[in-house]
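Visitor: I'd like to look at this model with you and ask how each label is earned. Shall we start where the small molecule sits?

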Amino acid sequence: MIYPKIILKKGKEEPLLRFHPWIFSGAIFRIEGTVHEGDIVEVHSANNELMAVGHYQIGSIAVRILSFSNIAIDDNFWMNTIQQAYTLRKTLHLAENELFTTYRLIHGEGDHLPGLIVDIYGETAVIQAHSVGMHHSRVVIANSLINIVKGLKNVYYKSEVTLPFKANLAAEDGYLIGNAEKGIVKESGLLFLVDWIHGQKTGFFVDQRENRKLLQYYANGRTMLNLFGYTGGFSIYGLQGGAALVHSVDSSARAIEVTNENVALNFPNDTRHQAFAEDAFKFLNQSNTTYDLIILDPPAFAKHKNVLHNALQGYRKLNAQAFEKIAPNGILFTFSCSQIVSKEQFRLAVFTAAAQSGRRIRILHQLSQPADHPINIYHVEGEYLKGLVLYVE
Ligand code: SAH
């Protein structure tokens with residue numbers, strides 16, 4: 001191979017033997033050759049054995065592994081790896097399925113491509129790079145996507161806010177291929193307007209697909225409150241499931257506008273739904289209505305370990321407020337998407353809130369992320385979405 005070499009300190013190859021996809025900067029003994037941020041490097045053990053090939057980056061995670069074999073990271077590599085991801089989405093009945101025109105095609109480490117997210121919205125793919133190496137590779141990635149994904153016409157690059165700030169890349173969001181303003185996609189046959197340019201993250205929270213479907217199952221005849229609703233994903237499934245009334249709340253006025261558009265797209269002239277552009281905590285405080293079904297899907301309360309304690313307090317308080325608004329024999333769907341909050345910690349926060357409510361509460365389901373957000377078995381950090389469905393007597 002021709003790539004610069006990263007030589008590890010003695011014993012530091014251990015995680016690589018267990019296929020962990022990151023090398024931390026402290027594990028590096030020496031670098032041979034000139035390396036720039038984002039370059040492909042070879043990783044060698046102290047005994048000079050080639051262990052892996054990956055993207056180099058300045059920071060705590062110094063190398064993100066692309067392959068544990070001695071291979072070139074060329075056009076073929078991108079085609080093969082993205083093809084494998086696509087094949088999996090076909091196996092999952094997502095790709096090339098008329099009822100699901102939106103899904104996640106590349107989920108970072110879960111698809112052996114650390115630092116890369118690709119979501120599909122009908123004829124448009126949205127690429128989100130989290131590493132400098134992926135930023136440098138964006139054109140070959142876009143070309144591979146067009147070659148592989150059936151019916152794909154546009155590739156939008158949206159990485160301004162996800163790339164490391166210190167790398168000074170001056171990256172701009174924009175189309176790498178084609179052009180399309182926004183689009184209507186299908187999920188479980190339901191219609192959703194997705195605005196990838198102005199919307200949050202890549203445009204839509206495809207990770208809640210299966211949890212929304214479960215909610216639909218419980219919605220019939222119930223009054224429902226969807227807090228942190230974004231563009232109304234859970235609300236639309238609730239209406240489809242026969243909810244008697246649905247209130248959607250989000251602090252973003254734009255998200256609430258799109259929620260109303262989504263309701264109109266699927267259920268024109270339906271009077272069961274009402275949307276509120278308001279703070280969720282304030283809404284709970286001021287409302288004196290109770291609901292049979294409540295959804296809590298807040299943004300990540302903790303992005304760094306040092307605010308973990310506050311985040312757990314946040315989950316406890318929010319859930320405690322929700323328990324006060326649940327009618328007898330009501331159901332609560334409660335989530336955390338903070339990667340650094342573990343399943344056990346989240347459960348403890350909800351448990352504490354439950355005890356405070358003094359009500360009899362049972363766990364009906366324990367939820368996670370769907371299979372198009374796969375978790376690399378050697379990289380448990382990839383499990384980020386946690387949810388509980390509770391029966392509140
Ligand atoms: N459940 C949604 C995704 C929620 S993402 C879905 O299925 O698509 C989290 C949402 O919380 C975002 O839309 C964000 O605008 C909103 N948000 C953040 N802080 C909020 C607050 N204090 N009150 C209400 N909404 C808030």
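Guide: Gladly, and please keep in mind that this is a predicted model. An oxygen atom of the ligand is 2.6 Å from an N or O atom in the side chain of Asp-250. A nitrogen atom of the ligand comes to 2.8 Å from a side-chain N or O atom of Asp-279, and a ligand nitrogen lies 3.3 Å from a backbone N or O atom of Phe-228. The protein covers 89% of the 590 Å² of accessible area that the ligand has on its own.

Visitor: What makes the approach of Asp-250 to the ligand a polar contact?

Guide: The pair consists of N or O atoms, and the cut-off is 3.5 Å. The distance at Asp-250 is 2.6 Å, so the pair qualifies as a polar contact. The Phe-228 pair at 3.3 Å is also within 3.5 Å.

Visitor: Which residues surround the ligand most closely, and of what classes is the shell made?

Guide: There are 15 residues around the ligand, and the closest are Arg-212, Asp-250, Asp-279, Ala-280 and Asp-297. By class, the shell has six nonpolar, four polar and five charged residues. Asp-250 is one of the closest, and Asp counts as charged.

Visitor: Arg-212 also belongs to helix α5. Why is α5 called largely enclosed?

Guide: Helix α5 covers residues 209-218, and seven of its 10 residues are buried, so the rest of the structure largely encloses it. The buried ones are Arg-209, Asn-211, Arg-212, Leu-214, Leu-215, Gln-216 and Tyr-218.

Visitor: How do you know whether Thr-202 is buried or exposed?

Guide: Buried means under 20% relative accessible area. Thr-202 has 2%, so it counts as buried. Thr-202 lies in the loop between β13 (190-194) and α5. Its side chain makes a polar contact of 2.6 Å with the side chain of Asp-119, and a polar contact of 2.6 Å joins the side chains of Thr-202 and Tyr-121.

Visitor: Asp-119 has a charged partner too, Arg-104. What makes that pair a salt bridge?

Guide: The limit is 4 Å between a side-chain nitrogen of Lys or Arg and a carboxyl oxygen of Asp or Glu. For Arg-104 and Asp-119 the closest N and O atoms are 2.7 Å apart, so the pair meets the limit. Arg-104 lies in strand β7 (residues 102-107) and Asp-119 in strand β8 (residues 116-121), so the bridge ties together parts that are 15 residues apart in sequence. Arg-104 is buried at 12% relative accessible area, and Asp-119 is buried at 0%.

Visitor: How many salt bridges does the structure hold?

Guide: The structure holds 14 salt bridges. One is between the side chains of Glu-123 and Lys-153, at 3.1 Å from N to O. Glu-123 lies in the loop between β8 and β9 (124-129) and Lys-153 in the loop between α4 (138-148) and β10 (154-157), so this pair ties together parts 30 residues apart in sequence. There is also a network of salt bridges that links Asp-195, Arg-254 and Glu-257.

Visitor: Why does the pair of Lys-343 and Glu-383 still count as a salt bridge at 3.7 Å?

Guide: The closest N and O atoms of Lys-343 and Glu-383 are 3.7 Å apart, and the cut-off is 4 Å, so the pair counts. Lys-343 sits in helix α10 (residues 343-357) and Glu-383 in the loop between β19 and β20, which places them 40 residues apart.

Visitor: Why are Lys-343 and Glu-383 called partly exposed?

Guide: Partly exposed covers the range between the 20% and 50% cut-offs. Lys-343 has a relative accessible area of 45%, and Glu-383 has 29%, so both fall in that range.

Visitor: What makes the nonpolar surface patch?

Guide: Phe-19, Ile-377 and Tyr-378 make the patch, which is about 330 Å². Patch residues need over 30% relative accessible area. Phe-19 has 36% and Tyr-378 has 43%, so these two pass that test. Phe-19 lies in the loop between α1 (14-17) and β2 (22-24), whereas Tyr-378 lies in the loop between β19 (361-367) and β20 (386-392).

Visitor: What is notable about the phi of Phe-19?

Guide: Most residues other than glycine have a negative phi. Phi of Phe-19 is near 60 degrees, a positive value in a residue other than glycine. Asn-269 likewise has a positive phi, near 65 degrees.

Visitor: How do you know whether Asn-269 is buried or exposed?

Guide: Exposed means over 50%, and Asn-269 has a relative accessible area of 79%, so it is exposed. Asn-269 lies in the loop between α7 (253-266) and β16 (273-277).

Definitions and conventions:
Residues are numbered from 1 along each chain as its sequence is written. This is a predicted model: local features need pLDDT of at least 70, side-chain atom pairs count only at pLDDT 80 or more; totals for chains, interfaces and linings use all residues. Side-chain values use heavy atoms; hydrogens and water are left out. A residue is near a molecule or strand if one of its heavy atoms lies within 4 Å of it. A polar contact is a pair of N or O atoms within 3.5 Å; within protein, one must be able to donate a hydrogen and the other to accept it, and residues adjacent in sequence count only if both atoms are side-chain atoms. Accessible areas come from the Shrake-Rupley method with a 1.4 Å probe; for residues, only the protein chains shown count as cover. Patches are made of residues with over 30% relative accessible area and no salt bridge: like charges are joined within 9 Å, nonpolar side chains (Val, Leu, Ile, Met, Phe, Trp, Tyr) within 5 Å. Helices (H or I, at least four residues) and strands (E, at least two) are DSSP runs, numbered from the N terminus. Buried means under 20% relative accessible area, exposed over 50%, partly exposed in between (1.4 Å probe, protein chains only).
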